[in-house]
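Work through the exercises below with the coordinates open. Each task is followed by a solution in steps.

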Amino acid sequence: MLRRYIAFVIDFVLHVGIAFGVYAACDAIADLSALALPAAALAWVTASFVHRVIIQRIFHTTAGKALCGLVMIRPDDGRWPTVGFLVKWWLIGVVVIFIDNMAPTDENGFPPAVRRCDVEALGAR
């Protein structure tokens, strides 16, 4: 469980860092300074979606999960997640962050993140 929390924090900091960079870039340009906050919010949403859906579909992991040795699998059959599965859980994750202000956990019904070595021991899915 500790690996999941650390992975979540790493991924969240990555997404916020991208948003902060966009904010700083827009704020530094006089004509764009009024758009800095909306641009940062859009950058955060875009970075989060691309990272947690597209990148995770290709590599089966995010940067945070990779650093913690985790990969995402579907709980029903243990296979790699589909795009639809990842989009569904990305949307749920966004709602949880804004409404509950807590990281998703398995106890709340979120898909499991397991150690990559455990998946590889079972053979490529």
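The exercises cover confidence, salt bridges, and one helix with the loop after it.

**Exercise 1.** Determine which element of this predicted model has the lowest mean pLDDT and which has the highest.

Solution. Start with the whole chain: the mean pLDDT of the protein is 84, and 78% of its residues reach 70 or more. Next, go through the elements. Helix H5, residues 116–122, has the lowest mean pLDDT, at 66. The highest, 95, belongs to helix H2, residues 36–59. Where pLDDT is low, the predicted coordinates should not be read in detail.

**Exercise 2.** Find the salt bridges and state how their residues are linked.

Solution. Step one is the cut-off: a side-chain nitrogen of Lys or Arg must lie within 4 Å of a carboxyl oxygen of Asp or Glu. Under this rule the count is 2. Step two is to list the pairs. Between Asp77 and Arg74 the closest N and O atoms are 2.8 Å apart. Between Arg79 and Asp77 the corresponding distance is 3.9 Å, which is within the 4 Å limit. Step three is to join the pairs: Arg74, Asp77 and Arg79 form a network of salt bridges.

**Exercise 3.** Classify each residue of that network as buried, partly exposed or exposed.

Solution. Buried means under 20% relative accessible area and exposed means over 50%, with partly exposed in between. Arg74 has 16%, so Arg74 is buried. Asp77 has 34%, so Asp77 is partly exposed. Arg79 has 45% and therefore also counts as partly exposed.

**Exercise 4.** Describe H2: where does the helix bend, and which of its residues are buried?

Solution. First, follow the axis: H2 bends by about 30° at Val50. Second, check accessibility along the helix. The buried residues of H2 are Ala36, Ala40, Ala43, Trp44, Ala47, Ser48, His51, Val53 and Gln56. Third, look past the end of the helix, where His60 has a positive phi of about 70°.

**Exercise 5.** Locate Thr62 and decide whether Thr62 is buried or exposed.

Solution. Thr62 sits in the loop between H2 and helix H3 (63–67). Its relative accessible area is 2%, so Thr62 is buried. To find its surroundings, leave out residues up to four places away in sequence; Thr62 then touches Asp11, His51, Arg52 and Gln56. Among these, His51 and Gln56 are buried residues of H2.

Conventions:
Residues numbered from 1 in each chain as written. Predicted model: local features only at pLDDT ≥ 70, side-chain atom pairs only at ≥ 80, totals over all residues. Heavy atoms only, no water. pLDDT = per-residue confidence, 0-100. Helix = DSSP H or I, 4+ residues; strand = E, 2+ residues; numbered from the N terminus. Buried < 20%, exposed > 50% of the residue type's maximum accessible area, 1.4 Å probe, protein only. Contact = heavy atoms within 4.5 Å. Bend = angle between axes of the 7 residues up to and from the residue.
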